[in-house]
Amino acid sequence: MRYTFGKAEKLKSRKLIEQLFMRGDRLTSFPIQLVYLKTQHNTDAAIQVGFSVPKRRFKRAVDRNRIKRLLRESYRLNKHELQIIQEADYTKKHIFMFVYIGKREMSFQEIESAMLKIFSQFNSNKK
RNA sequence: UGAGCAGAUCGUCUUAUCGCUUUAUUUGAUAAAGAGGAAAGUCCGGGCACUAUAGAGUAACGUAGCGGUUAAUAGCCGUCGCUUUGAUAAGAUCAGAGUAGGAAAAGUGCAACAGAAAGUAUGUACAGGUAAUGCUGUAGUGAAAUCAGGUAAACUCUACGUAGUGAAAUGUCACGUAUAUUGAAGUUUGAGGCUUACUCGGCCGAUUUCAAGGGGUAGGCAGCUGGAUCAAAUUAGUAAUGAUUUGACUAGAUAAAUGAUAAGAAUUCACCUAGGUGAAUACAGAACCCGGCUUAUAGAUCUGCUUUUUUU
RNA sequence: GCCCUUGUAGUUCAACGGAUAGAACAAAAGUUUCCUAAACUUUAGAUCUAGGUUCGAUUCCUAGCAAGGGUA
């Protein structure tokens with residue numbers, strides 16, 4: 001099991017992101033909100049992921065960068081908890097967007113536990 | 001020795017594990033490199049690219065002592081004037097700080113309160129003077145009172161300067177549907193359109209046929225980082241800055257890399273007390289590239305000035 | 001990335017460069033009432049910050065700070 005997070009797994013297409021926010025479903029576990037959508041995209045990865053921190057809440061670019069890095073790190077280390085990735089089922093492709101809805105910066109441990117909670121919610125929803 | 005102010009420089013480090021971006025070897029992987037002094041604000045000025053531009057005038061906007069510097073500027077340097085602070089006994093000089101500092105004798109406007117009067121103004125009291133008279137001086141109000149008054153960061157005038165849009169510019173490749181645009185020829189003849197905001201002036205039209213190839217998808221690549229660069233020495237100059245020589249310089253992402261976790265070290269502060277415990281380590285994150293300005297900044301070092309204590 | 005606008009009482013807005021910065025609602029105190037509401041009377045409260053021009057600045061200029069918006 002390798003904890004990688006390469007370019008193919010990154011959500012980059014503007015079109016897909018637009019679709020995601022228009023039609024995607026949402027799951028919340030403070031301070032993270034997950035927006036997800038089952039759709040087709042032409043990459044090898046089962047899930048493409050993006051991370052977002054609103055500029056309105058965090059005015060300085062340094063703070064936004066740090067939170068995004070923490071989110072990305074916690075996703076990278078725990079993504080194997082997701083059944084889709086475990087099964088490597090490429091017929092069920094998804095796109096994810098993690099939005100940080102907290103009002104202040106949090107530690108890595110707090111973010112990680114919230115991330116795990118969201119993963120378990122997502123897995124049970126799929127069954 | 002402590003405190004304060006001003007300026008300059010630096011602005012955390014090491015190891016392990018797991019990752020990210022770029023480059024090279026190569027296709028398993030390995031190696032190397034990977035945020036700043038402000039990368040910020042976007043306040044000025046350029047480079048670069050594309051578009052536009054026959055010409056003239058007006059408008060609009062910017063700048064404003066003089067000289068220098070620079071690719072260029074509203075930056076920087078020098079200097080004169082003005083304002084202001086300190087020193088000595090006045091004058092004056094010295095030292096520091098600030099300064100958008102052209103024109104009020106072209107014209108228009110504005111000036112609360114006070115004051116007779118604030119600009120087609122001539123009053124009161126006293127003194128002087130005359131043939132006579134606001135003819136002269138002083139007092140009083142006010143920021144300014146007869147002096148071609150004050151105010152141009154009021155309109156304005158003068159001098160000089162200014163085309164527009166910004167790398168999401170622009171070029172190219174791929175996919176791929178359908179018709180903008182341009183050129184030539186024939187027919188027809190004037191509504192309107194374009195030309196820097198306006199005027200003069202200038203240019204163009206509509207339709208049919210033929211020929212050339214445009215637009216979109218914000219997908220890939222180029223643009224994209226070695227340059228008005230940095231450091232040292234010599235040299236020209238009061239200085240800003242220039243010249244020569246030598247050496248140095250691998251960030252290039254694109255919903256956007258430069259990180260996470262753990263341990264240790266360093267510095268500062270607090271507590272117990274002479275080595276432990278706890279806390280903190282700023283401001284802040286490249287986005288085409290440079291030169292300035294402005295703002296934010298824990299802590300450390302150096303220099304100068306002021307002041308306190310101790311010793312001689 | 002680029003561009004634009006606005007900052008005045010707690011809130012919404014006024015104010016040629018000229019007296020003590022005004023109005024409405026809100027707040028506080030009082031009158032009225034057995035108590036409350038309504039009504040009436042009164043009070044307190046502000047020019048985003050720092051410089052400059054001017055005799056004098058909310059107004060003009062410069063720099064900063066904050067908020068909002070547009071564009072692709």
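This is a guided tour of a predicted model of chain A with RNA strand B, going from one selection to the next.

**Before selecting anything**

Residues are numbered from 1 along each chain as its sequence is written, and chains are lettered from A, with ligands numbered from 1, in the order in which they are written. Because the model is predicted, local features need a pLDDT of at least 70 and side-chain atom pairs count only at pLDDT 80 or more, while totals for chains, interfaces and linings use all residues.

Start by colouring chain A by pLDDT, which is the predictor's confidence in each residue on a scale from 0 to 100. Chain A averages 80, and 89% of the residues score at least 70. Confidence is highest in helix α2, at a mean of 86, and lowest in helix α3 (residues 83–87), at 71. Where pLDDT is low, the predicted coordinates should not be read in detail. For the complex, the predictor gives an ipTM of 0.79 and a pTM of 0.78.

**The fold of chain A**

Switch to a cartoon view, in which chain A shows four helices and four strands; here helices (H or I, at least four residues) and strands (E, at least two) are DSSP runs, numbered from the N terminus. Followed from the N terminus on, the elements run α-β-β-β-α-α-β-α. Of the 127 residues in chain A, 22% are buried, where buried means that 20 or more other C-beta atoms lie within 10 Å of the residue's own, exposed means 12 or fewer, and partly exposed means in between, with C-beta atoms placed from the backbone.

**The strands**

Select residues 25–29 and 32–38, which are β1 and β2, an antiparallel pair held over five bridges; two strands are said to pair if DSSP finds at least two bridges between them. A hairpin through two residues joins β1 to β2. Within this pair, Asp25 has Tyr36 of β2 as its bridge partner, and Arg26 stands opposite Val35 of β2.

Next add β4 (residues 94–100), which runs antiparallel to β2 and is joined to β2 by seven bridges. Val35 reappears here, standing opposite Met97 in β4, and Lys38 is partnered by His94 in β4. Then bring in β3, which pairs with β4 in the parallel sense over six bridges, with Gln48 opposite Ile95 in β4. If you colour β4 by burial, six of its seven residues are buried, so that the strand is mostly covered.

**Helix α2**

Now select α2, residues 61–78. The helix has 18 residues and reaches 26 Å from its first C-alpha to its last, close to the 26 Å expected at 1.5 Å a residue, the expected span being 1.5 Å times one less than the number of residues. Its buried residues are Ile67, Leu70, Leu71, Ser74 and Tyr75. Seen down the axis of α2, these fall within an arc of 130°, so they line one face of the helix; the arc is that of the directions from the helix axis to the C-beta atoms. On the face turned away from that buried side are the exposed residues Ala61, Val62, Asn65 and Arg69. Lys68, also in α2, is partly exposed, because 16 other C-beta atoms lie within 10 Å.

**Two residues to compare**

Select Leu11, in the segment before α1, which counts as buried because it has 20 C-beta neighbours inside 10 Å. Its C-alpha is 4.9 Å from that of Val49, although the two residues are 38 apart along the chain. Then select Met22 in helix α1, which counts as exposed because it has 8 C-beta neighbours inside 10 Å. Between the C-alpha atoms of Met22 and Ile67, 45 residues apart along the chain, the separation is 24 Å.

**The surface near RNA strand B**

Finally, show RNA strand B and the 25 residues that surround it, the closest being Lys7, Gly50, Arg60, Arg69 and Phe108; a residue is near a molecule or strand if its C-beta atom, placed from the backbone, lies within 6 Å of it. At least two residues of this surface come from each of α1 (14–23), β3 (47–52) and α2, and α2 gives the most, with eight residues. Arg69, among the closest residues to the RNA, is also one of the exposed residues of α2.

Colouring this surface by residue type gives nine nonpolar, five polar and eleven charged residues, where Ala, Val, Leu, Ile, Met, Phe, Trp, Tyr, Cys and Pro count as nonpolar, Asp, Glu, Lys and Arg as charged, and the others, Gly among them, as polar.
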